[in-house]
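Thanks for making the time this morning. I would like to walk through one model with you, beginning with its charged pairs and then stepping back to the chain as a whole.

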Amino acid sequence: FGASGFALPQTMLISHRRGFRARRAPGAGFDQAYRRAVHETAHQWFGHLIGFGLPEERAFLIESLAKYAELVMVERRFGRPAMAALVGWEADRLARARLVPAEQATPLIDAEDSEDMYSRATLAFACLRARLGDQAITGALAGVVRASYGSGRPARSVDFVQALARTGGDAQAPALLLSRPVAIEAAMARLCPAVSAMAKAAPSG
């Protein structure tokens with residue numbers, strides 16, 4: 001089921017080596033085993049509640065929203081420094097994965113490369129949390145779920161962006177999900193300087 005885990009309805013499969021036998025390294029900024037458990041648990045909503053029924057929606061509504069859940073739960077369980085460490089770890093992973101940093105990126109809601117739907121999504125949601133707050137994000141998600149189940153139409157990533165624009169009250173925030181930045185780090189520094197600084201200063205995971 002892959003390197004870390006796989007989520008089935010009401011069931012999680014987690015790698016024994018990377019989950020149950022994993023030990024937090026000395027000096028690590030956050031707990032990787034906890035992060036993985038949160039991620040797979042989040043798929044009970046992101047993947048099994050929304051994000052199914054459309055092959056083209058197999059990335060953002062499933063994996064990227066699970067990364068949002070990681071940020072929220074790591075901060076609640078271990079505090080803001082641990083969340084900052086998670087942001088820094090994903091920023092480092094993104095920088096290492098982008099072999100051509102000057103290459104134009106795919107809009108996040110359409111991206112399917114691992115570094116985008118996991119690492120870049122973590123940075124984007126950290127920025128959205130800083131600019132809009134969790135209430136605006138969860139309010140947008142609740143609206144998407146209600147609309148999908150009320151109409152019988154599978155939810156789309158663009159539905160979330162539109163809902164976020166309504167609940168967030170920040171015209172620039174959706175650009176994190178829709179734009180095609182050439183330099184992701186520069187875009188982050190412009191929209192969320194505090195999160196950008198957090199990514200550079202935090203200890204690794």
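A search of the whole structure, which I should say at once is a predicted model, finds 13 salt bridges. I will take a few of them in turn, together with the exposure of each partner.

Let me begin with Glu75 and Arg80, whose side chains meet in a salt bridge with an N to O distance of 3.9 Å. The cut-off here is 4 Å between the side-chain nitrogen and the carboxyl oxygen, so the pair at 3.9 Å is counted. Glu75 is partly exposed, with a relative accessible area of 22%, and Arg80 is likewise classed as partly exposed, at 47%.

The next pair is Asp92 and Arg96, which form a salt bridge at 2.8 Å, N to O. Both belong to helix 4, residues 80-97, and because they are four residues apart there, about one helical turn separates them. As for their surroundings, Asp92 counts as partly exposed at 36% relative accessibility, whereas Arg96, at 64%, counts as exposed.

Which parts of the chain does the salt bridge between Asp170 and Arg131 tie together? The closest N and O atoms of this pair are 2.8 Å apart. Asp170 lies in the loop between helix 7 (157-168) and helix 8 (175-178), while Arg131 sits in helix 5 (residues 114-132), so the bridge links parts that are 39 residues apart in sequence. Asp170 is buried, with a relative accessible area of 16%, and Arg131 is partly exposed at 29%. Elsewhere, salt bridges with shared partners join Arg35, Lys67, Glu70, Glu90 and Arg93 into one network.

Now to a single loop residue. Arg24 is located between helix 1 (16-20) and helix 2 (32-42), and it is partly exposed, with a relative accessible area of 42%. If we set aside neighbours within four places in sequence, Arg24 is in contact with Gly29, Phe30, Asp31 and Phe78. Its C-alpha atom is 9.7 Å from that of Tyr34, a residue ten positions away along the chain.

Finally, the chain as a whole. Its secondary structure comprises ten helices and two strands, and, reading from the N terminus, the two strands precede the helices. Of its 205 residues, 47% count as buried. Among contacts with a separation of 6 or more, 70% are between residues 24 or more positions apart. The chain exposes about 10200 Å², of which carbon and sulfur atoms supply 56%.

Definitions and conventions: Residues numbered from 1 in each chain as written. Predicted model: local features only at pLDDT ≥ 70, side-chain atom pairs only at ≥ 80, totals over all residues. Heavy atoms only, no water. Buried < 20%, exposed > 50% of the residue type's maximum accessible area, 1.4 Å probe, protein only. Contact = heavy atoms within 4.5 Å. Areas by Shrake-Rupley, 256 points an atom, 1.4 Å probe, with all protein chains shown as cover.
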